[in-house]
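Thanks, everyone. I have a pair of helices to show you, and then some empty space. Let's get the structure up.

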Amino acid sequence: MDCFDLENPFTSLDNQESDIISALFSSESDHMPSHNYFLSLKSNDLFFSFRQEAISLILRAQYSCNIDPYTTYLATNYMDRFASRQEIPQGNPWVLRLLVIATISLASKMKEQHLSSSNFQREEGFIFDAPAIQRMELLILDALNWRMRSVTPLSFICFFISLFELKDPPLRQALKDRATNIIFQACNEIKLLEFKPSIIAASALLMASHELFPLQFPSFETSILSCRHVNKENQLKCFNAMQEMVANETSDSVIETVSSSSTTTPMSVLDCHCERSSSSMAAIAVPEKREQRKRQKLNGFCSESNRVKISQIQPCG
């Protein structure tokens, strides 16, 4: 299996570039969380806290396991899509940790990165054996219909940059790098979950161009809004939400810089003060895996076809 490139998810297709671009736009909705998930995050504090804690754990794993931000971004995409399709039992902290470990494991396999999570698991106070993690991976794979080559905002960056009249390679790279950082930053903003990946990518590029090339911003904006794939109303709405997000993050960074007692950690970045539920455990049943899958198996993955429930997966010790 080739290493998965988030910027080029369909590199294996032997099609013309125009066909690949069309495939990206036509399939992006399949790689988004459901709309009900977005509504639940807005209205349910417990659900919101669960997601915030999950992202905080993913960020802690990034530092503890020394994995790159592209892998953690992919893991977050898997987590959001899974949580939007499966009921998550509350009140058992190990469920959240197992979900995070399994999504990071899957993302690492897709990126062909070695993952050693034993230290991270010990730090978090839960140890899962390999069969338990593999069963959770199977649960996630089935919920995501084995669509693991996620179409994310990163997949559209190069396409939208190609619409700009920006010929100097270093300037194009600077624009791409800043837009990518904004996309990583947007991972924690629930307001942006309602927008398609292409709209988020376009908004991130417009934000980056507004910061780096303010004089050229009007022409860049015209290029984006003239694209036949872009919904102008959603684009402007997303850009406004992203502008607010960046402004808030900039303000928080200034406060943290001048405060001598502040310590930057994944939890402080997220400002996560989660209250854990004491509700009872509920079983989540997985539909049986189809006997013949046409999808490519992941490296070393356990391809059992039996039903799996989270209630059947327990931490060791």
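Start with two helices that touch. From helix 9, the residues in contact are A174, L175, R178, A179, I182 and I183. On the helix 10 side, they meet A201, A204, L205, M207, A208, S209, E211 and L212. What kinds of residues make up this contact? There are 11 nonpolar residues, one polar and two charged. Keep in mind that this is a predicted model.

Now the geometry. Helix 9 covers residues 169-186, and helix 10 covers residues 197-212. Their axes come within 8 Å of each other. The crossing angle is roughly 125°. Angles from 65 to 115 degrees count as roughly perpendicular, and those over 145 as roughly antiparallel. The angle here falls in neither range, so helix 9 is oblique to helix 10. The crossing of helix 9 with helix 10 is right-handed.

On to the empty space. How do we find it? Rolling a probe the size of a water molecule over the atoms shows where space is left. How many cavities of 30 Å³ or more does the count give? Two. The largest cavity has a volume of about 260 Å³. It is lined by 21 residues. Closest to its centre are Y73, N77, P153, L193 and I200.

Which elements give two or more residues to that lining? Helix 4, residues 69-85, plus our two helices from before, helix 9 and helix 10. Helix 4 gives the most, with four residues. By class, the lining has 13 nonpolar, four polar and four charged residues.

That's my part. Over to you.

Key:
Residues numbered from 1 in each chain as written. Predicted model: local features only at pLDDT ≥ 70, side-chain atom pairs only at ≥ 80, totals over all residues. Heavy atoms only, no water. Axes fitted to C-alpha atoms, helices over the stretch in contact; angles between N-to-C directions. Parallel < 35°, antiparallel > 145°, perpendicular 65-115°, else oblique. Left-handed = near helix turned anticlockwise from the far one by under 90°. Contact = heavy atoms within 4.5 Å. Nonpolar A, V, L, I, M, F, W, Y, C, P; charged D, E, K, R; others polar. 1 Å grid on protein atoms, 1.4 Å probe; cavity = no way out; pocket = protein on both sides within 12 Å on 5 of 7 lines; lining within 4 Å. Points joined across faces, edges and corners; volume = space filled by probe spheres on them.
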